[in-house]
Amino acid sequence: MRIINVKDIEEAVSKVCMEINYNLREGMEKIIEEVLQKEESESGKEVLRQILENIAIARDEKIPACQDTGVCIAYVELGQDVRIEGGFLYDAINKGVANGYVKGYLRKSVVRDPFNRINTKDNTPAMIHVELIPGDKLRIKLMAKGAGSENMCKLAMLTPADGLEGVKRFVIDTVKEGGINACPPLIIGVGIGGTFDMVGWLAKKALFRGMNVRNKDEFYAKLELELIKEINDLGIGPMGFGGRVTALDVRIEVAPCHIASLPVAVNFECHAHRVGEIIL
Amino acid sequence: MRIIKITTPLNDDVVKSLRVGDKVEINGVIYTARDAAHKRFIDAINKGEKLPFDPKGQIIYYVGPTPPRPGMIIGSAGPTSSYRMDVFLEPLLKLGLKGTIGKGYRSQAAIDAMVKYGAVYFVAVGGAGALISKRIKKAEIIAYEDLGTEAVNKLEVESFPVIVANDTLGNDIFKLGVQRYSRVKY
Ligand code: SF4
């Protein structure tokens, strides 16, 4: 049994909340530089150049890369041999988020209730997902998730007869419909299988995976590459101005499902990809 | 790509000369407003009250910035999605508003209203909030302070970078762009 104090969790979460908003996920700058070489459209190139300049200013001056510093998503992998001491895990994460968003001059974008819409003023609560893992480590992945891309996401309960073609069509149609407003170039998380509740989480979880890390299953790895190509063939381009670069990455996560079901979900993430990891 | 420098307030000749795809650098004063402020504008118009600023010849920027660090003029200040403001656009165009800045596409009704009243829609790069904050030289809250990040600000901008997405002829960069670069049938 390993003991981890909530104070350490709080502090780490606060630090990472600030860090990821000033400093996009590792590798993003390089990827944008690479796709700038591929882009043919003038407006598209202009957008990519501005994105690169923005990344540098945000990093150097500690200004949030995007003003929508998002709602905080915490993907917690808790080793079953860990004991949390000094308080409740969820409270510790939320205290860390509150601290980070207040001290880091980040925007508070969370309202307490969908209808009374009163701002909680410290960006809490975070959306917390906890999964148990073997061992004695605590891993917390944090994502600052903007609404522009989140609002364009979709979920469908297809039938087994819709099959692979149906899933592909749903993904492509969702990009056609909402991709422009999600601030392309995009990272696209796709969940397939599970149940209604699970498939959305699969799509979100896919966004936590590293850049251009393919699904371990060869079939899905191939499908990811096919979808990247087909989405880029749509010609939406950076900011939707038309161009070659629409999808920076497509990541698929799958789960077993009912004999009568074929759930699919698409979760968009924008080029302002803000993800960090804590390992305690 | 043409690069055009414009200064607010805008006159009709300047607005009419802008074409989809033009890279424009805006100078002068622009006003911020998003969902909640727009709702109040429309309520004020319906009640026959004055708006916090005269929209004639002006540009509204759809933005909700992050709080500035001490000593800074404004925090990160990139555009928000414009479609949510489509329903509020026409009454403001009627009062002489000449442009809006945001991201993403507009509804056909909004595009038609821009043609009718001779106005344009500019897109700033979504997610480039840090870069854009450097082009804002002064910021002052002029109304609805209680709305926090959604309060109406008067901004003084220099070389504020945008691209024309809808012009006074009804052209739409999003449709034209996809038509040109798509390798599949839409
Ligand atoms: S979609 Fe992403 S880049 Fe665009 S405004 Fe929202 S958080 Fe920023």
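## Close-up views of chains A and B

**Figure 1. B:Ser133 makes a polar link back to B:Ala130.** A polar atom of the B:Ser133 side chain sits 2.7 Å from the backbone oxygen of B:Ala130. The model shown here, and in every view below, is predicted. B:Ser133 belongs to helix H5 of chain B, which covers residues 129–133. Its relative accessible area is 6%. Buried means under 20%, so B:Ser133 is classed as buried. Setting aside residues up to four places away in sequence, B:Ser133 touches B:Ile74, B:Gly75, B:Ser76 and B:Ala77. B:Ser133 also touches A:Ile63, a residue of chain A.

**Figure 2. B:Ala151 is a buried loop residue.** The loop that holds B:Ala151 runs between strand S6 (136–143) and strand S7 (152–166) of chain B. B:Ala151 has a relative accessible area of 1% and is buried. What does B:Ala151 contact, leaving aside neighbours within four places in sequence? The partners are B:Thr32, B:Ile141, B:Ala143, B:Tyr144 and B:Glu145. B:Glu25 gives a distance marker for this view: its C-alpha lies 24 Å from that of B:Ala151. In sequence, B:Glu25 and B:Ala151 are 126 residues apart.

**Figure 3. A cis peptide bond joins A:Thr124 and A:Pro125.** Omega of this bond is about 0°. A:Pro125 lies in a loop of chain A. Helix H4 (89–103) and strand S4 (127–133) flank that loop.

**Figure 4. A cis peptide bond runs from A:Pro184 to A:Pro185.** Here omega is near 10°. Where does A:Pro185 lie in chain A? A:Pro185 is in the loop between helix H6 (163–178) and strand S7 (186–194).

**Figure 5. A:Asn212 has a positive phi without being a glycine.** The phi value of A:Asn212 is near 50°. A:Asn212 sits in a loop of chain A, with helix H7 (196–208) on one side and helix H8 (218–232) on the other. Is A:Asn212 buried or partly exposed? A:Asn212 is partly exposed, because its relative accessible area is 42% and the partly exposed class lies between the 20% and 50% limits.

**Figure 6. B:Ser159 has a positive phi within a strand.** Phi of B:Ser159 is about 50°, and the residue is not a glycine. B:Ser159 is part of strand S7 of chain B. The relative accessibility of B:Ser159 is 24%, which places it in the partly exposed class. The limit for buried is under 20%.

**Figure 7. Chain A provides the setting for the views of A:Pro125, A:Pro185 and A:Asn212.** Chain A contains eight helices and ten strands. Its C-alpha atoms fill a box of roughly 55 × 50 × 40 Å along the principal axes. The radius of gyration is 19 Å, in agreement with the value near 19 Å for a compact globule of 280 residues. Of the 280 residues in chain A, 60% are buried. Take the contacts in chain A with a separation of 6 or more: residues 24 or more positions apart account for 81% of them. Chain A exposes about 11,700 Å², and carbon and sulfur atoms supply 54% of that surface. The side chains of chain A include 36 positive and 40 negative ones. The centres of these two sets are 2 Å apart.

**Figure 8. Chain B provides the setting for the views of B:Ser133, B:Ala151 and B:Ser159.** Six helices and seven strands make up the elements of chain B. From the N terminus, their order is β-α-β-α-β-α-β-α-β-α-β-β-α. Chain B is as compact as a globular protein of its length, because its radius of gyration of 16 Å is close to the 16 Å that the globule rule gives for 186 residues. The C-alpha atoms of chain B fill a box of roughly 50 × 40 × 30 Å along the principal axes. Of the 186 residues in chain B, 58% are buried. Among the chain B contacts with a separation of 6 or more, 63% link residues 24 or more positions apart. The accessible surface of chain B is about 7,800 Å². Carbon and sulfur atoms hold 51% of that area. Chain B has 27 positive and 19 negative charges, and the mean positions of the two sets are 5 Å apart.

Conventions: Residues numbered from 1 in each chain as written. Chains lettered and ligands numbered in written order. Predicted model: local features only at pLDDT ≥ 70, side-chain atom pairs only at ≥ 80, totals over all residues. Heavy atoms only, no water. Helix = DSSP H or I, 4+ residues; strand = E, 2+ residues; numbered from the N terminus. Rg over C-alpha atoms; globule rule 2.2 N^0.38 Å. Buried < 20%, exposed > 50% of the residue type's maximum accessible area, 1.4 Å probe, protein only. Contact = heavy atoms within 4.5 Å. Areas by Shrake-Rupley, 256 points an atom, 1.4 Å probe, with all protein chains shown as cover. Lys, Arg positive; Asp, Glu negative; His and termini not counted. Charge placed at Lys NZ, Arg CZ, Asp CG, Glu CD. Polar contact = N/O pair within 3.5 Å; in protein donor to acceptor, adjacent residues only side chain to side chain.
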